Amino acid sequence: MQDEQQIEQQRVDRVTAHIKRKIETLQEQVGDKRGDVVEIRRDFWDDVTVNFEDSAEAAETAASLKQQAEVLFEREHSHRHARKQLLTMRKLEQSPYFGRIDFKENGETQAEQVYLGIGSLLDENEEQYLIYDWRAPVSSLYYDYSPGPAQYKTPVGTIEGEMTLKRQFVIRGGRIRSMFEIGVTIGDEVLQEVLGRHSDAQMKGIVATIQQEQNTIIRNERARLLVVQGAAGSGKTSAALQRAAYLLYRYRGQLAADQIVLFSPNPMFNSYVATVLPELGEENMQQTTYQHYLEHRLGRSFELEDPFTQMEYTLSGMADSQYEARVAAIRFKSDVPFMRIIERYAKSLGEAGIKFRPIRFRGSVLISSEEMSRRFYELDRTLSIANRLKLLSEWMLKELTALGKLERKKSWVEEEIELMDKEQYIHAYNELMRKKGFTSESFDDFEREKEMLASMLVQQKFKKLRSSVKRYRFLDIPKMYRALFEKPHWTADGQEQLPAEWADICTITSAKLENGELYYEDATPLLYLKELLEGFHTNTQVQHVFIDEAQDYSAFQFHYLKRIFPRAKMTVLGDLNQAIFAHAEPMDSFAMLKGLYGYEEMETVVLARSYRSTRPIVEFTSRMIPGGSRIIPFNRDGEQPLVAQACSAEELVRKVSGSLRGWKAQGLNALAVICKTAAEAKAAAGMLRETGMEVRLVEKETVTFEQGIVVIPSYLAKGVEFDAVAIFNASQEVYGRESERKLFYTACTRAMHELHVYYTGELTPLISV
Ligand SMILES: Nc1ncnc2c1ncn2[C@@H]1O[C@H](COP(=O)(O)OP(=O)(O)OP(=O)(O)O)[C@@H](O)[C@H]1O
């Protein structure tokens, strides 16, 4: 092996020398291309002939503009491309590859040596690959097989043959640190080393150690809906990010990063994963949260509750007399039967019941709701509601034009013209000259001038009205949504069972809406109703939607997402044991997703191995949940989790800060004190600061994930991980309810190397020691 290592090192040296030369060439190219771009941008208008005198000249101008823009686009593109290559080469210079396989294709006499790295590299003659990109078809052999018969898929068919060697390298700074011959699961030694490292506040890429079952997720191209059910720390998020990188490579030229959307659990999570794709030489996909999407779609029409406020209520609002009704409401409004009710209701609105808002101007009604209603229901009923609304809005726009003409004669117009100050007047004059091509002579005519100013003034004032008509603001969606909770006539055929708490649900929903506020659980149904009426605002550009922490989405939300991204393939990643929202509590499988697409379009992958935490931590946390014995810990040793009682709040704080200091002394960087709620986190942060600890309080608005000590509410720790975790207070009082099991489990599974669980009074029954 020693000789082998020398031979391999010589190859590394050759390849690195080649990379260095490439870097030099690329540096020059990047500089030249940037120069080109700067020059074209600077001289853009010099090379364009601008002339709008007649239509022929104008067309020529447009063509010349287009041509110049194309040249610029092409240069920018090639500059970006060269820069991207340069970045990849710089990474390869340090560590050109991490794996090698020798593969003899059936019918061939010699095995080909395939070296895998984070990007590909051709030799000087551009004929042979010195390094294959980890996403190339042949590279999948490395992740899927041990030496022996093996095959891989290419876009033109399956290639069969025999793998005669599989080797893993650790190369740093151009030197081979270690190399191993390996079996199917990629080097436990390397994985041990990687997983044993301390966190650096950013999620890491895992390309050198992707496991076989993770590879099936990454490379899946067939499924319309890919469901990944994986234990805590099993690499769901990691697999999702590598999958995005894979898709960008596999479909390069057809798929751009902004055609992939990732729905994350909270804004901080976005910052946590933000470096993975750029590290792999790809641009980041679009990242959003469901809440952010809702806010974007609902605009500022409501004070929208966020999911974390809802969560705080379900965790701490037990004393509220409406608590039971609210929880029942959350469940009911998140499920498919309610969605069906809304669909039937929307359909019935095609016959009667649409609530219109009158168009008002200066205190009087221009178009009344009765008029709108009459016109709407006079339209051909075989047309869809959306089409009829379109016709109605067209009529309304015409009507506004006619009404605008009448408006010009009114006295307020004359008064406003008289009150115009000089600047306004000059501005209006210039505007009119520009728009209508008036000359100063024609503007001399006083009557005409007044008329023009009046028309301009009215037009300005009506602009808002017209735009609100175009946006269908004349539909009173909240009122219609509210009507669902007033007269449940649409359930009369008894298809859907209403919950026992229905009367209370109606009361609390109406009261909230009346205040111009919206509960989180009402947002999706209300939007759904709105879009059923107005037509769906679909996004057909997006080709892949990733939903992380999918167990936190309701069936209703999934249906909605499917509708707004009709062309996209969905990758849904979740762990039912971490389902922390009230609507998800009864859910025991992702079975509800089956209704989303057909069976044949759905594939499920189960990830049972957990990589994040040491074996003692995984064994400890697995005992908290049903079916926990099925979770396979990766065999990494560490301290047993500590469960310790404190006699008072003061002692609790002392103990927690003791743990934190100890961990810091050991060199651990990312430390978390996990509390149940935001209120507990705030109090804990205050008390810890009093002991001289420097801690950062994470709140729902926090957008950056940083190293150091954080104090964080349990539900915001979703998806992220820390070197060491202290559970602030795992007492019976804090985590006493069965419904908090998954939340508690989520909190404990955030720990990579160390877990300390403190409590006062009685210990939570959720731990079985
Ligand atoms: N194949 C792998 N090689 C190296 N590290 C891995 C691998 N798979 C997962 N990991 C590591 O395990 C940890 C957990 O991964 P990740 O966060 O993707 O899991 P998850 O299933 O999304 O977890 P959770 O549901 O608990 O949030 C991360 O530190 C990740 O880097």
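How many bridges pair strand S8 (residues 225-230) with S17 in the parallel sense? Six bridges do so. Two strands count as paired if DSSP finds at least two bridges between them. Helices (H or I, at least four residues) and strands (E, at least two) are DSSP runs, numbered from the N terminus.

The structure is a predicted model; local features need pLDDT of at least 70, side-chain atom pairs count only at pLDDT 80 or more, and totals for chains, interfaces and linings use all residues. Residues are numbered from 1 along each chain as its sequence is written. The protein chain has a mean pLDDT of 88, and 94% of its residues reach 70 or more; pLDDT is the predictor's confidence in each residue, from 0 to 100. For the complex, the predictor gives an ipTM of 0.99 and a pTM of 0.87.

S8 and S17 belong to an open sheet of six strands with parallel pairing, in the order S10-S9-S15-S16-S8-S17. Strand S10 (286-289) and strand S17 (602-607) are at the edges with a single partner strand each, so one side of each lacks a neighbour in the sheet. On average, neighbouring strands of this sheet are turned by 15 degrees against each other, direction ignored. Gly230 has Leu607 as its bridge partner in S17. H6 packs on the sheet and touches S8, strand S9 (260-264), strand S15 (544-547), strand S16 (569-574) and S17. Contact here requires C-beta atoms, placed from the backbone, within 7 Å. The direction of H6 makes about 160 degrees with that of S16. Axes are lines fitted to C-alpha atoms, for helices over the stretch in contact, and angles run from 0 to 180 degrees between N-to-C directions.

The ligand is surrounded by 24 residues, of which Ala232, Gly235, Lys236, Thr237 and Ser238 come nearest. A residue is near a molecule if its C-beta atom, placed from the backbone, lies within 6 Å of it. Helix H4 (188-196) and helix H6 (236-250) are the elements that give two or more residues to this shell. The shell divides into seven nonpolar, 12 polar and five charged residues. Ala, Val, Leu, Ile, Met, Phe, Trp, Tyr, Cys and Pro count as nonpolar, Asp, Glu, Lys and Arg as charged, and the others, Gly among them, as polar.

A second open sheet has six strands in the order S20-S25-S24-S21-S23-S22, again with parallel pairing. Its edges are strand S20 (642-646) and strand S22 (696-697); each has a single partner strand, so one side of each is left without a neighbour in the sheet. Helix H23 (residues 649-665) packs on this sheet, and its direction makes about 165 degrees with that of S25. S22 runs parallel to strand S23 (residues 708-713), joined by two bridges. Leu697 has Val711 as its bridge partner in S23.

Antiparallel pairing occurs around S6. Strand S1 (residues 99-105) pairs with strand S6 (residues 157-172) over seven bridges. Strand S5 (residues 148-154) is also joined to S6 by seven bridges, and a hairpin links S5 to S6 through two residues. S6 and strand S7 (residues 175-181) pair over six bridges. Their hairpin has two residues between the strands, and Gly173 in the turn has a positive phi of about 55 degrees.

The chain is divided into five parts, among them domain 3 (286-351 + 477-607) and domain 5 (636-760); the bounds come from an automatic or database domain assignment. The C-alpha centres of domain 3 and domain 5 lie 32 Å apart. Their contact takes 13 residues from domain 3 and 12 residues from domain 5.

Note on methods. Contact = placed C-beta atoms within 7 Å.
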